[in-house]
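Here is a short briefing to read alongside the model. Keep the viewer open as you go through the points.

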Amino acid sequence: MVLGRDHEDVTRAELGAEFTRYFVAALVAGAIGLASGLPFPYWAQVAAIAPLASPGHGARIEKGVHRLVGTILGVGVTAFLLSFPAEPWQLVVWVVLLQFLAEMFILRNYSIALLFITPLALLMVQLGHPQPAGPMLEARVLETAIGVVVGLALVIGRYVRERRGVTTA
């Protein structure tokens, strides 16, 4: 789908192809996440879809790389924050601060925003269902990597097909 076009200009075929890409990315990443035995396969699904939303192949690849790098660095921030004993109210304060910082950076630099989005999400998991931090942080990195690889494989596959003149509709 070409971004910047009015939604009335998008054909049913383009919309169907776009839906199929998102569906396949989520399905494949989720299946691999489930098969891996990691505890949060939906993290792989979200990471697979993230690169698909950008306009153009280069921007999609960049967003996938940003997703992986930002998540890894965000897991480091989370590990630091969780290395100190904290009461639930203290985690809520961190969540509020991280939400503010994520909003400040999301439109400027996706990778930097993930420094705040990742700990925000993981601290919220800890508030809702406390668990050992190490396995959760490891799962976040591995499942994000699974998703990014699936998403980028779809982006690169689409690019190769378009270069060969095969339509994606």
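How far apart are the mean positions of the positive and negative charges of the chain? They are 8 Å apart, taken over 12 positive and 11 negative charges. In that count Lys and Arg are positive and Asp and Glu negative, while His and the chain ends are not counted; each charge is placed at NZ of Lys, CZ of Arg, CG of Asp or CD of Glu.

Please keep in mind that this is a predicted model, in which local features need pLDDT of at least 70 and side-chain atom pairs count only at pLDDT 80 or more, while totals for chains, interfaces and linings use all residues. Residues are numbered from 1 along each chain as its sequence is written, and side-chain values use heavy atoms, with hydrogens and water left out.

**Overall build**

- The chain has 6 helices and 0 strands, giving the pattern α-α-α-α-α-α along the sequence. Helices (H or I, at least four residues) and strands (E, at least two) are DSSP runs, numbered from the N terminus.
- Along the principal axes, the C-alpha atoms fill a box of roughly 55 × 35 × 25 Å.
- Of the 169 residues in the chain, 36% are buried. Buried stands for under 20% relative accessible area, exposed for over 50%, and partly exposed for what lies in between (1.4 Å probe, protein chains only).
- Taking contacts (heavy atoms within 4.5 Å) between residues at least 6 apart in sequence, 71% join residues at least 24 apart.

**Surface and nonpolar patch**

- The accessible surface of the chain is about 9,600 Å², and 70% of this belongs to carbon and sulfur atoms. Such areas come from the Shrake-Rupley method with a 1.4 Å probe, and for residues only the protein chains shown count as cover.
- A nonpolar patch on the surface is formed by I61, V65, V69, L73, I156, Y159 and V160, with about 550 Å² of accessible area together. Two elements, α3 (57-82) and α6 (133-163), give two or more residues each to this patch, and α3 supplies the largest share with 4 residues.
- Patches are made of residues with over 30% relative accessible area and no salt bridge; nonpolar side chains (Val, Leu, Ile, Met, Phe, Trp, Tyr) are joined within 5 Å, and like charges within 9 Å.
- L73 is found in helix α3 and is partly exposed, with a relative accessible area of 47%.

**Salt bridges**

- Side chains of opposite charge can pair when their charged atoms come close. A salt bridge here is a side-chain nitrogen of Lys or Arg within 4 Å of a carboxyl oxygen of Asp or Glu, and the count by this rule is 2.
- R21 pairs with E18, with the closest N and O atoms 2.8 Å apart. Both residues lie in helix α1 (residues 12-36), 3 residues apart, about one turn of the helix, and both R21 and E18 are buried.
- E162 and R158 form a salt bridge at 3.1 Å, N to O. These two residues are 4 apart in helix α6, so about one helical turn separates them.
- E162 is partly exposed at 36% relative accessible area, whereas R158 is buried at 9%.

**Buried arginines without a salt bridge**

- R60, in helix α3, is buried yet has no salt bridge, and the nearest side chain of opposite charge, E18, is 5.0 Å away. Leaving out residues up to four places away in sequence, R60 touches P51, L52, S54, L152, V155 and R158.
- R140, in helix α6, is likewise buried with no salt bridge; the nearest side chain of opposite charge is E143, 7.6 Å away. With the sequence neighbours up to four places away not counted, R140 touches W43, T71, V75, T118, A121 and L122.

**Two loop residues**

- P51 sits in the loop between α2 (41-49) and α3 and counts as buried because its relative accessibility is 0%. The C-alpha atoms of P51 and G147 are 9.7 Å apart, with their positions 96 residues apart along the chain.
- Beyond residues up to four places away in sequence, P51 touches R60, K63, G64, G151 and L152.
- S83 lies in the loop between α3 and α4 (88-105) and counts as partly exposed at 48% relative accessibility. S83 and I61 are 22 residues apart along the chain, and their C-alpha atoms are separated by 33 Å.
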